[in-house]
Amino acid sequence: MPARRRRTTVLAEAAEPAHARLLSLYRSLAQLRRDRPELTDPASRHLGAVTENPDAAPNARRFTLRRGEVTVLVNLSAEPWLAPLDDEGDAVLLSTEPAPVSDGAVLVVAESAVVLGPALG
């Protein structure tokens, strides 16, 4: 396929709602990585990972990943997960789906991820 046609195809795909949403998510994640140096720090001394329900089937697991002050909650299950916040000062920095916070917990809906940490500012 000629380069000009490939470019036109890519631009047309990016305008489709599902593709536009994914592109927006990638851009937001790239910005978050620029804003939060701990997300790109190669040192492993501040890393942590926990499988919240290790006996569940692989497609039903929930994970908590930590890197410095940032926590990533990943819900691979078909059920929502009400995850307690580690710190009351944590805010949702990025989420793949809406992630409401109330009463010291965040709702991680099915098949989604949430990035938490001290509010940017």
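This report looks at a small set of paired strands and at one arginine in a predicted model.

A quick word on the ground rules: residues are numbered from 1 along each chain as its sequence is written, and side-chain values use heavy atoms, with hydrogens and water left out. Since the model is predicted, local features need pLDDT of at least 70 and side-chain atom pairs count only at pLDDT 80 or more, while totals for chains, interfaces and linings use all residues.

**The sheet**

Helices (H or I, at least four residues) and strands (E, at least two) are DSSP runs, numbered from the N terminus. Two strands pair if DSSP finds at least two bridges between them. Here, 3 strands make an open, antiparallel sheet in the order 4-7-6. Strand 4 (81-84) and strand 6 (101-102) sit at the edges with a single partner strand each, so one side of each has no neighbour in the sheet. Strand 4 joins strand 7 (residues 105-108) through 4 bridges, in the antiparallel sense. Two of the bridge partners are these:

| Strand 4 residue | Partner in strand 7 |
|---|---|
| W81 | V108 |
| A83 | V106 |

Side chains alternate along strand 4: W81 and A83 face one way and are buried, whereas L82 and P84 face the other and are not. Buried means under 20% relative accessible area, exposed over 50%, and partly exposed in between (1.4 Å probe, protein chains only).

**R36**

Over in the loop between helix 2 (17-35) and strand 1 (47-51) we find R36. R36 is buried, at 7% relative accessible area. A polar atom of its side chain lies 2.9 Å from the backbone oxygen of P118. Not counting residues up to four places away in sequence, R36 touches (heavy atoms within 4.5 Å) E69, V70, L93, P118 and L120.

Technical notes
Polar contact = N/O pair within 3.5 Å; in protein donor to acceptor, adjacent residues only side chain to side chain.
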